[in-house]
Amino acid sequence: MDFRFTDDQLTLASSVRDYLEGTHGPQVLRRLDQEGNRDPAIWQGLVEMGLTGLLVPEEQGGLGLGLVEAALIAAECGRACLAEPLVDTAFVGVPWAVARGDLTGLEQVVSGEKTLAPAHVINPWLADGHGDHVQSVDPLRNLAKVESAASDDPHLLNLGALMCAAQLTGIADAMLAQAVEYAKIRTQFGQPVGAFQGLKHQLASCSVAVEFAKPVVWRAASALQDGLASASLHVSHAKLAATDAAMLTAETAIQVHGAMGYTYEVDLHFWMKRAWALAGAWGDRAFHYARVDDAVLGGTFAIGPENTFA
Amino acid sequence: MNLTYTPEQQAFRAEVRGWMEANVPKEPLVTLECREGYDAHVEWERKLASGNWGMVTWPEEFGGRGLDLIEWLIFEEEYFRAGGPNRANQNGIFLLGPTIMEFGTPEQKARFLPPMARGEEIWAQAWSEPGAGSDMAAIQSKAVRDGDHYVITGQKTWSSRAAFADWGFGIFRTDPESKRHKGLTFILFDINSPGITRRPIRQLHGDTGFAELFFDEVRVPVENCLAGEGQGWNVAMATAGFERGLMLRSPGRFQATAKRLVELYREHADRASPAAREAVVQAWGAAQAYAYNTYAVASKIMAGGKIGAEASLNKIFWSELDRTMHRTAMQLLGAAAELKRFDDGRINQWLEGYMFSLSGPIYAGSNEVQRNIIAERLLGLPRIGNG
């Protein structure tokens with residue numbers, strides 16, 4: 001029993017964080033917003049980091065890592081508000097293909113020539129799919145009507161929902177950091193607005209929500225990786241906790257920014273819109289709530305203090 | 001990340017479960033907040049000690065089993081699974097004990113820890129004063145050095161367990177010229193010393209859980225000072241860290257409450273609102289989240305890490321969760337919520353629990369203070385207007 005990441009996992013996550021911080025800042029989001037929202041150079045950078053092959057078995061040229069590492073990187077993608085379809089391709093599509101034993105074309109995923117947009121019946125629209133375009137509130141999200149046959153495999157749904165939850169924790173972290181930075185520099189009544197308890201306490205509440213959503217996400221990643229019978233419950237728990245934390249943080253962050261928060265000029269809205277989008281993707285709140293409700297009240301899952309890791 | 005127990009840990013769980021099933025009182029004890037209940041709870045502390053369960057993480061020489069924090073969590077889970085009573089000596093074993101372990105001299109450890117583990121000396125805390133609640137640095141009670149003794153004069157209030165306990169600990173101003181956080185000293189005192197008057201305070205439920213302590217030239221030997229004169233604030237902050245961060249409220253307590261809440265929901269499902277139903281499900285989720293986080297903190301400490309200002313996150317989380325769970329129970333009970341005893345004679349534990357849960361966001365540093373700590377020390381917001 002050791003509820004910690006390994007040094008290797010933390011090093012990997014921080015290297016991805018540093019890379020994205022350096023190459024994928026808000027100015028890049030604005031450029032993508034104006035010039036068409038995908039950039040082969042960004043994708044190539046992710047490929048060169050080895051991220052497309054993170055979960056691809058070593059025999060197919062990948063790194064052969066697991067869902068815990070992928071969830072950590074997905075959180076970094078959320079923090080950077082990454083637009084490229086890395087998470088759906090490499091952390092949802094790839095592990096689903098591997099789980100089904102379908103290894104064809106994974107070399108092309110590793111090399112970046114091929115992206116995956118796995119269609120599941122839970123999603124009425126497909127991110128980075130090839131069908132008719134549908135406009136999302138998130139300007140960097142490419143939604144399409146579903147044209148190919150959609151799967152109803154619960155494992156695919158769990159992978160998608162887990163990675164959404166992981167991204168939402170990173171998005172929430174980023175929004176909280178932006179709000180804190182703004183509260184330090186914006187002065188009113190002769191002092192930084194962040195000195196007022198009215199703001200401090202709201203931001204502290206976001207911190208509580210986000211920090212207690214994270215271990216739920218890591219627990220879900222571990223459960224899905226290990227194939228626990230209860231993995232679906234843990235994934236839904238994670239999606240609920242991460243969604244609620246991100247929505248609270250989004251609303252608090254815009255409030256802290258005041259009128260500036262309502263402008264296009266402040267960066268916050270990119271992350272906020274991503275949070276809105278992911279909150280409903282791969283199973284909305286009602287769907288995941290129902291799965292937790294079934295397990296907890298339905299009696300199919302053992303609860304109580306002795307069942308922390310059931 | 002390895003979220004499975006070793007065979008040794010599973011065997012330990014089985015051992016705890018066996019002992020608890022055989023020994024935990026079948027009927028809930030009378031509340032700790034009255035003489036009769038206090039005595040019953042102290043007797044239970046001694047029963048626990050007879051099984052060598054007083055404080056499992058302490059070294060054997062101090063009455064423990066030398067176990068690690070994961071094993072402590074397993075112990076706590078089984079303790080609450082079995083419905084174990086509240087710990088009369090929680091101020092000692094969970095707060096002062098770890099503080100003595102960190103700051104105490106070998107003599108202090110040998111003197112104070114074993115009787116604490118055996119439940120022979122029950123501890124009260126004496127932090128607050130009438131003018132120093134959330135603002136603890138405003139403490140005025142004085143301890144003046146006189147040869148081998150400190151002479152204490154002043155007043156403490158809202159002191160948990162002080163109505164009946166044997167010993168107390170708190171911080172006192174040893175430097176009369178000092179202000180705020182400086183010049184304070186952490187002192188342990190025998191509550192039955194000449195010059196101490198204790199006046200139990202009647203709490204909102206009618207019982208006497210805490211007390212005022214009046215000190216009139218009370219002589220305390222200097223060897224009862226912890227970590228040296230003038231170090232009181234730092235020692236108190238470490239104690240508060242244990243209190244808020246890890247030990248005071250282990251997750252098993254809230255997981256057990258969440259489970260009972262699910263059972264209560266099932267009894268009242270036909271008339272419960274959808275909102276109450278969702279609150280029940282969310283209570284399970286939040287208690288689990290608290291457990292995962294506690295395992296993460298324990299793992300970190302076992303690997304040599306420390307718990308800092310993030311202790312404030314924990315304190316807010318468990319105290320507000322506890323209040324929410326009990327509020328939900330009151331909603332589920334409906335008209336019966338106000339009954340002190342149900343028609344079948346059972347005590348309305350949910351009502352008692354709800355009243356107690358209202359104190360959670362206040363004691364151990366109010367949640368407003370905790371939110372300031374998070375904002376300033378974790379998020380880095382400016383410290384203005386808080387002294």
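**Exercise 1. The surroundings of Val217(A)**

Task: In this predicted model, determine which residues Val217(A) touches, not counting residues up to four places away in sequence, and place Val217(A) within the largest nonpolar core.

Solution: Begin with the contact list, for which two residues qualify if their C-beta atoms, placed from the backbone, lie within 7 Å. With residues up to four places away in sequence left out, the partners of Val217(A) are Ala71(A), Ala165(A), Ala166(A), Thr169(A), Ala238(A) and Ala242(A). Next, turn to the largest nonpolar core, which holds 205 residues, and in which Val217(A) belongs with Ala71(A), Leu162(A), Met163(A) and Met175(A) to the members that touch the most other members. Finally, ask which element supplies the largest share of this core: helix H7 of chain A, residues 154-185, gives 19 residues.

**Exercise 2. Helix H4 of chain A**

Task: Compare the span of helix H4 of chain A with the expected value, and decide whether H4(A) is largely enclosed or not.

Solution: Helix H4 of chain A covers residues 67-79, which makes 13 residues, and the distance from its first C-alpha to its last is 18 Å, close to the 18 Å expected at 1.5 Å a residue. For burial, the criterion is 20 or more other C-beta atoms within 10 Å of a residue's own. Because 13 of the 13 residues of H4(A) are buried, this helix is largely enclosed by the rest of the structure. The last step looks beyond the helix, where Cys81(A) follows H4(A) and has a positive phi, near 55°.

**Exercise 3. Two domains of chain A**

Task: Describe how domain 1 of chain A and domain 2 of chain A meet, in terms of the residues each gives to the contact.

Solution: Chain A is divided into domain 1 (7-114), domain 2 (117-152) and domain 3 (160-307). The C-alpha centres of domain 1 and domain 2 of chain A are 19 Å apart, and their contact draws 10 residues from domain 1 and seven residues from domain 2. On the domain 1 side, helix H2 (26-35) and helix H5 (86-99) of chain A are the elements that give two or more residues, and H5(A) gives the most, with four residues. Sorted by class, this side of domain 1 has six nonpolar, two polar and two charged residues.

**Exercise 4. The contact between the chains**

Task: Work out which helices of chain B supply the side that touches chain A, and give its make-up by class.

Solution: The contact takes 41 residues from chain A and 48 residues from chain B. On the chain B side, at least two residues each come from helix H3 (69-81), helix H7 (251-268), helix H8 (274-302), helix H9 (311-333) and helix H11 (367-378). Of these, H8(B) provides the largest share, 14 residues. By class, the side of chain B that touches chain A comprises 28 nonpolar, 12 polar and eight charged residues.

**Exercise 5. The fold of each chain**

Task: Judge how compact chain A and chain B are against the globule rule.

Solution: Chain A has 11 helices and five strands. Its radius of gyration is 19 Å, close to the 19 Å that the globule rule gives for 310 residues, so chain A is as compact as a globular protein of that length. Chain B has 11 helices and eight strands. Here the radius of gyration is 21 Å, close to the 21 Å from the globule rule for 387 residues, so chain B is likewise as compact as a globular protein of its length. As for burial, 51% of the residues in chain A are buried, and 48% of those in chain B.

Conventions. Residues are numbered from 1 along each chain as its sequence is written. Chains are lettered from A and ligands numbered from 1 in the order in which they are written. This is a predicted model: local features need pLDDT of at least 70, side-chain atom pairs count only at pLDDT 80 or more; totals for chains, interfaces and linings use all residues. Ala, Val, Leu, Ile, Met, Phe, Trp, Tyr, Cys and Pro count as nonpolar, Asp, Glu, Lys and Arg as charged, and the others, Gly among them, as polar. A nonpolar core is a set of buried Ala, Val, Leu, Ile, Met, Phe, Trp, Tyr and Cys residues joined through C-beta atoms within 7 Å. A residue is buried if 20 or more other C-beta atoms lie within 10 Å of its own, exposed if 12 or fewer, and partly exposed in between; C-beta atoms are placed from the backbone. The expected span of a helix is 1.5 Å times one less than its number of residues. Domain bounds come from an automatic or database domain assignment. The radius of gyration is taken over C-alpha atoms; the globule rule is 2.2 Å times the number of residues to the power 0.38.
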